[in-house]
Amino acid sequence: MSEIKPEDTVPGGESSEEDEPDWAAAKAAFDDLKSSKPRPPKPKNAVTIAVSSRTLFNMQEERKVYEEEGVEAYVSLQVDRETEPLKPGAAFPFVKALMNVNSCLRKLYPDSEELFDIVLMTNNHAQVGVRLINSINHYDLTIERFCMTGGNSPTGYLKAYMTNLYLSTDPEKVTDAIEEGIAAAIMFMPDKKIELSDTQLRVAFDGDAVLFSDESEIIVKQHGLDTFFEHEKKFENKPLAQGPLKCFLEALGKLQRKFYAKNERLNCPIRTFLVTARSAASSGARVLKTLRSWGLEIDEALFLAGAPKGPLLEKIRPHIFFDDQMFHIEGAKELGTISAHVPYGIGQKYHKGALIKEPAKTE
């Protein structure tokens, strides 16, 4: 799994000391420009969020042209419409909330580079980049780093960009990223629009196979709830192994503590939620003790004992909700929650508790 970026390394494990003069020169050049826009933080200090163009913007119409008429017609359409801003996509409110956190951090720590850095990671061709840039400027989004790979998958660049979280609509790319140890999820547009906070980033996580490994979920699926409850009681004091999103929660916690250090806990613009189908009395203690052993806090822990998550998430109104099981994603987005599927663990073989039957092989 991906880890918080070390203080003194760059991708590949090499020392970053020799790069410091380059960064100092880049900073001096930027400062000389006297731009009103904030300078992007140094990647090794930042919490880097990589978003695909189809998560940041709603490109369903353009995608249809690509699938039905091919890449040349798609590029031509984008060039013809490059002065027409793209409509916001599923990740758009999340990105706006990240920018608000950065504004709050800069007020408290004017010289700090411990900020969110948003990277547009797309397999679009460079010719499409003009419309993407125009759309980003239209909405006044602070996105300065781009990776446009001209039809090739961009996932090979995620580590080079020191990515903490990758959001895409492409299941294959997300699976590749998770296999490389990078926190990643497939984003879905909600079925209806609800108002979200513009002053506080709210992030909701499922537990098993998201923050934690799927070790306990395997027992539920293979041996039933009674065996699971016995197992969790027996191993209550043994921390669960980390799941694919643990390091993103860790990165959020690192930024939250910067607000706490300024006595701004009650006004912190980041709030985290654990929304789990576990029962509190029967299997909740191990979860909370695991978080404690990691040195991590969660602002609100909600144990639903198998109840649907959608109605509760409708009250929380997170900017993003991560879950490993599609039936939870479907229930959440029906009620307006922006949801992100984490394709990890044994849950991918089940739907609504039933094993998904694979199609019979034909000779």
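Two strands are taken to pair if DSSP finds at least two bridges between them, and in the predicted model examined here this criterion yields an open sheet of ten strands with mixed pairing, in the order β5-β4-β1-β6-β7-β12-β11-β8-β9-β10. The edges of the sheet are formed by β5 (145–148) and β10 (300–303), each of which pairs on one side only, and the twist from one strand to the next averages 25 degrees.

Within this sheet, strand β8, which spans residues 201–205, is mostly covered, four of its five residues being buried. Strand β8 runs parallel to β9 (residues 270–276), to which five bridges join it; among the paired positions, Leu 201 has Ile 270 of β9 as its bridge partner, while Phe 205 stands opposite Leu 274 of that strand. The pairing of β8 with β11 (residues 320–323) is likewise in the parallel sense and extends over three bridges, with Ala 204 of β8 bridged to Phe 321 of β11. Strand β11 also lies beneath a helix, in that α13 (residues 326–334) lies across β7 (184–188), β11 and β12 (339–341), running at about 165 degrees to β12.

Turning to the packing between helices, the axes of α5 (residues 92–108) and α10 (residues 246–260) come within 10 Å and cross at roughly 35 degrees, and the crossing is left-handed. On the α5 side, the contact involves Phe 94, Val 101, Cys 104, Leu 105 and Leu 108, which meet Phe 248, Leu 255, Lys 258 and Phe 259 of α10. The residues of this contact divide into eight nonpolar, no polar and one charged.

Helix α9 (residues 225–234) has as its buried residues Phe 228, His 231 and Glu 232. Seen down the axis of α9, these residues fall within an arc of 95 degrees, and they therefore line one face of the helix. An α-helix has 3.6 residues a turn, so that residues three or four places apart point the same way. The cover over the buried residues of α9 includes α8 (215–223) and α11 (280–294), whereas the face turned away from the buried side carries the exposed residues Asp 226, Glu 230, Lys 233 and Lys 234.

Conventions:
Residues are numbered from 1 along each chain as its sequence is written. This is a predicted model: local features need pLDDT of at least 70, side-chain atom pairs count only at pLDDT 80 or more; totals for chains, interfaces and linings use all residues. Side-chain values use heavy atoms; hydrogens and water are left out. Buried means under 20% relative accessible area, exposed over 50%, partly exposed in between (1.4 Å probe, protein chains only). Helices (H or I, at least four residues) and strands (E, at least two) are DSSP runs, numbered from the N terminus. The arc is that of the directions from the helix axis to the C-beta atoms. Contact means heavy atoms within 4.5 Å. Axes are lines fitted to C-alpha atoms, for helices over the stretch in contact, and angles run from 0 to 180 degrees between N-to-C directions. A crossing is left-handed if the near helix is turned anticlockwise from the far one by less than a right angle, and right-handed if clockwise. Ala, Val, Leu, Ile, Met, Phe, Trp, Tyr, Cys and Pro count as nonpolar, Asp, Glu, Lys and Arg as charged, and the others, Gly among them, as polar.
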